[in-house]
Amino acid sequence: MNGFNVTMVPKEDEFLSEFYDARVEDIMDIRIWDLPLIEQDESVTLVLSILDGKTHVWVVEDMDSKRLVGVITRHDILHILAPSPSKDSLFSVPTVHRGPEGTAADIMTRHPITCRPDEKVADALTKMIRHNIRRLAVVEDGIITGELTLRNLISKYYKATQYHPLAGE
């Protein structure tokens with residue numbers, strides 16, 4: 001025998017059930033000081049500098065309140081970088097903003113999909129799938145307190161499959 005106790009490893013369906021029932025606050029990134037945050041009146045140029053190293057930036061009213069008002073992803077920047085559609089093109093998509101002028105509020109997606117710290121992971125995953133997104137702002141009373149990303153979920157799930165408990169660390 002190799003000394004491995006098979007009874008210590010939960011069955012796959014029990015493990016998944018435990019993962020789905022875990023609370024967002026047990027998995028989310030709570031390092032608020034490390035979240036990509038920007039005030040809504042900051043320049044698009046500053047947004048671009050942040051997105052050079054991050055995949056997204058959360059837009060807040062101001063840094064003191066941290067009231068979430070939007071999100072900007074790298075994908076949103078396509079409207080800034082893409083050339084203006086040709087008048088001859090059948091499939092041209094009208095756009096509201098082109099170029100680096102303006103503020104974060106001008107280019108952000110308003111009313112981002114969010115979750116609460118006490119929500120179950122299953123509910124957060126359902127939101128991510130339904131809205132085809134990879135991250136959720138975790139908010140309490142409109143204030144961002146952290147984020148839950150697909151990367152967080154993958155990391156926590158993988159580590160839990162190797163070592164178990166889902167909460168803590």
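Two residues are in contact here when heavy atoms of theirs lie within 4.5 Å. Keep that in mind as you work through these exercises on a predicted model.

**Exercise 1. The overall layout**

Work out how many helices and strands the protein has, and what share of its contacts link residues 24 or more positions apart.

*Solution.* Start by counting elements: there are six helices and seven strands. Next, read them off from the N terminus, which gives α-β-α-β-β-α-α-β-β-α-β-β-α. Now turn to the contacts with a separation of 6 or more: residues 24 or more positions apart account for 55% of them. Finally, look at burial: of the 169 residues in the protein, 34% are buried.

**Exercise 2. The four-stranded sheet**

Find the order of the strands in the open sheet of four, and explain why E1 and E4 each have one side without a neighbour in the sheet.

*Solution.* First trace the order, E1-E2-E3-E4, with mixed pairing. Strand E1 (37-39) and strand E4 (109-110) stand at the edges with a single partner strand each, so one side of each has no neighbour in the sheet. Then move to E2 (residues 56-60) and E3 (residues 68-73), which pair in the antiparallel sense over five bridges. Within this part of the sheet, Val57 stands opposite Ile72 in E3. Last, add the helix: H2 (residues 44-51) lies across E1, E2 and E3 and runs at about 140° to E2.

**Exercise 3. The largest pocket**

Describe the volume of the largest pocket and say which element gives the largest share of its lining.

*Solution.* Begin with the volume, about 820 Å³. Of the 28 lining residues, Thr55, His56, Arg134, Arg135 and Thr149 are the closest to the centre of the pocket. Next, ask where the lining comes from: E2, E3, strand E7 (143-149) and helix H6 (150-163) each supply at least two residues. The largest share, three residues, belongs to H6. To finish, sort the lining by character, which gives eight nonpolar, 10 polar and 10 charged residues.

**Exercise 4. One histidine in a loop**

Decide whether His111 is buried or exposed, and locate it in the chain.

*Solution.* Locate the residue first: His111 sits in the loop between E4 and strand E5 (114-115). Then check its relative accessible area, which is 70%. The cut-off for exposed is over 50%, so His111 counts as exposed. As a last step, compare the chain with space: His111 and Val69 are 42 residues apart along the chain, and their C-alpha atoms are separated by 6.2 Å.

Terms used:
Residues are numbered from 1 along each chain as its sequence is written. This is a predicted model: local features need pLDDT of at least 70, side-chain atom pairs count only at pLDDT 80 or more; totals for chains, interfaces and linings use all residues. Side-chain values use heavy atoms; hydrogens and water are left out. Two strands pair if DSSP finds at least two bridges between them. Axes are lines fitted to C-alpha atoms, for helices over the stretch in contact, and angles run from 0 to 180 degrees between N-to-C directions. On a 1 Å grid over the protein atoms alone, a cavity is a set of points where a 1.4 Å probe fits but cannot get out, and a pocket is an open set with protein on both sides within 12 Å along at least five of seven lines; lining residues have an atom within 4 Å of a point. Grid points are joined across faces, edges and corners, and a volume is the space filled by probe spheres set on the points. Ala, Val, Leu, Ile, Met, Phe, Trp, Tyr, Cys and Pro count as nonpolar, Asp, Glu, Lys and Arg as charged, and the others, Gly among them, as polar. Buried means under 20% relative accessible area, exposed over 50%, partly exposed in between (1.4 Å probe, protein chains only).
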